[in-house]
Amino acid sequence: MTQSTISLTAFRPDHLEGALRLSRQAGWPHRLEDWQLALDLSAGFVALDTNALTVVGTILMTPYKRDIATINMVIVDETARGRGLGRRLMEAIIEQAGLRALRLVATGEGLPLYQKLGFCRTGTIIQHQGMVLPVDAPANVRPAESHDIFGILELDRAAFGADRRCLLRTLAEIGQLAVLDRGHGIAGFAASRSFGRGEVIGPVVAANVDDGKALLSFFMARSEGRFIRVDTAEASQLSAWLAECGLVQVGDGIAMQRPVAVQSSPSPFTTFALASQAFG
């Protein structure tokens with residue numbers, strides 16, 4: 001395989017099986033359904049070996065209106081590495097993103113490339129997973145109802161800095177949303193869905209650590225003994241508590257952003273847990 005035999009083309013549903021092969025090669029837990037969800041919410045490219053018609057690279061961009069997009073599912077086949085393919089994929093997706101600010105979660109190996117492309121480090125993301133231990137069900141957290149969606153969207157926009165209504169409405173359809181409700185309006189929310197070996201909880205938007213724990217506990221209490229994944233910002237100070245609940249730290253990533261001239265104003269809310277590496 002040479003550089004001249006690799007071409008980039010739009011990521012289509014018929015590329016999903018090839019993408020699944022790459023994620024398994026990389027040791028990722030994604031199922032075909034997880035790839036399908038990512039593609040439904042995103043646009044991107046695959047790198048094809050034109051000789052073998054094999055997918056040897058993937059990249060997706062999940063746009064949130066015209067403000068922000070996340071880059072995810074960046075994989076290069078181990079047989080095609082070291083030839084600049086990762087850079088070709090990144091340059092193509094950056095052009096497709098237009099004027100949006102871009103966010104991604106990098107590995108240490110990918111960090112130099114992303115820095116060369118204008119991304120700056122903004123924090124550390126810690127991945128926790130495992131069989132959840134018994135957790136007390138929290139007070140004041142309940143399943144979200146249809147009328148809650150407007151409050152959820154408002155909280156999420158304040159925390160994330162962009163409108164993620166397509167993502168949140170999809171998560172409500174395929175999984176479940178829960179809200180923190182003390183009787184005077186929604187004070188936070190969380191989402192849970194099937195993913196990989198079990199379930200993933202996130203996003204979780206809360207004003208403080210205790211509220212974040214309550215929202216996470218709502219789903220963890222319902223899933224005792226099941227495999228759960230939570231990706232959380234190191235700054236959220238949730239890692240020790242998650243480990244006590246059976247969700248041990250298994251890895252970390254580098255949160256990065258490629259900014260635009262206008263930045264959103266800060267919010268009192270914190271996105272404690274990310275939806276997954278596919279929807280950071």
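**Exercise 1. Determine the exposure class of K65 and describe its backbone.**

Solution. K65 has a relative accessibility of 48% and therefore counts as partly exposed; this class lies between buried (under 20% relative accessible area) and exposed (over 50%), with a 1.4 Å probe and protein chains only. The model is predicted: local features need pLDDT of at least 70, side-chain atom pairs count only at pLDDT 80 or more, and totals for chains, interfaces and linings use all residues. Residues are numbered from 1 along each chain as its sequence is written, and side-chain values use heavy atoms, with hydrogens and water left out.

Next, locate the residue: K65 is in the loop between strand 3 and strand 4 (68-76). Helices (H or I, at least four residues) and strands (E, at least two) are DSSP runs, numbered from the N terminus. Finally, K65 is not a glycine, yet its phi is positive, at about 55°.

**Exercise 2. Carry out the corresponding analysis for L53.**

Solution. L53 belongs to the loop between strand 2 (43-49) and strand 3 (54-64). Its phi is near 55°, a positive value in a residue other than glycine. With a relative accessible area of 69%, L53 is exposed.

**Exercise 3. Identify the peptide bond from G202 to P203 as cis or trans, and place P203 in the fold.**

Solution. Omega is near 5°, and the bond from G202 to P203 is cis. P203 is found in strand 10, which covers residues 198-206. As background, most peptide bonds are trans, and most residues other than glycine have a negative phi.

**Exercise 4. State whether S192 is buried or exposed, and list its contacts outside the local sequence.**

Solution. S192 is part of strand 9 (residues 186-195). Its relative accessible area is 9%, so S192 is buried. When neighbours within four places in sequence are set aside, S192 is in contact (heavy atoms within 4.5 Å) with G175, Q176, E199, V200, I201 and F219.

**Exercise 5. Assess the compactness of the protein chain.**

Solution. Begin with the secondary structure: the protein chain has eight helices and 13 strands. Its radius of gyration is 19 Å, close to the 19 Å that the globule rule gives for 280 residues, so the chain is as compact as a globular protein of that length. The radius is taken over C-alpha atoms, and the rule is 2.2 Å times the number of residues to the power 0.38. Along the principal axes, the C-alpha atoms fill a box of roughly 60 × 40 × 30 Å. Buried residues make up 51% of the 280 residues. Of the contacts with a separation of 6 or more, 74% join residues 24 or more positions apart.
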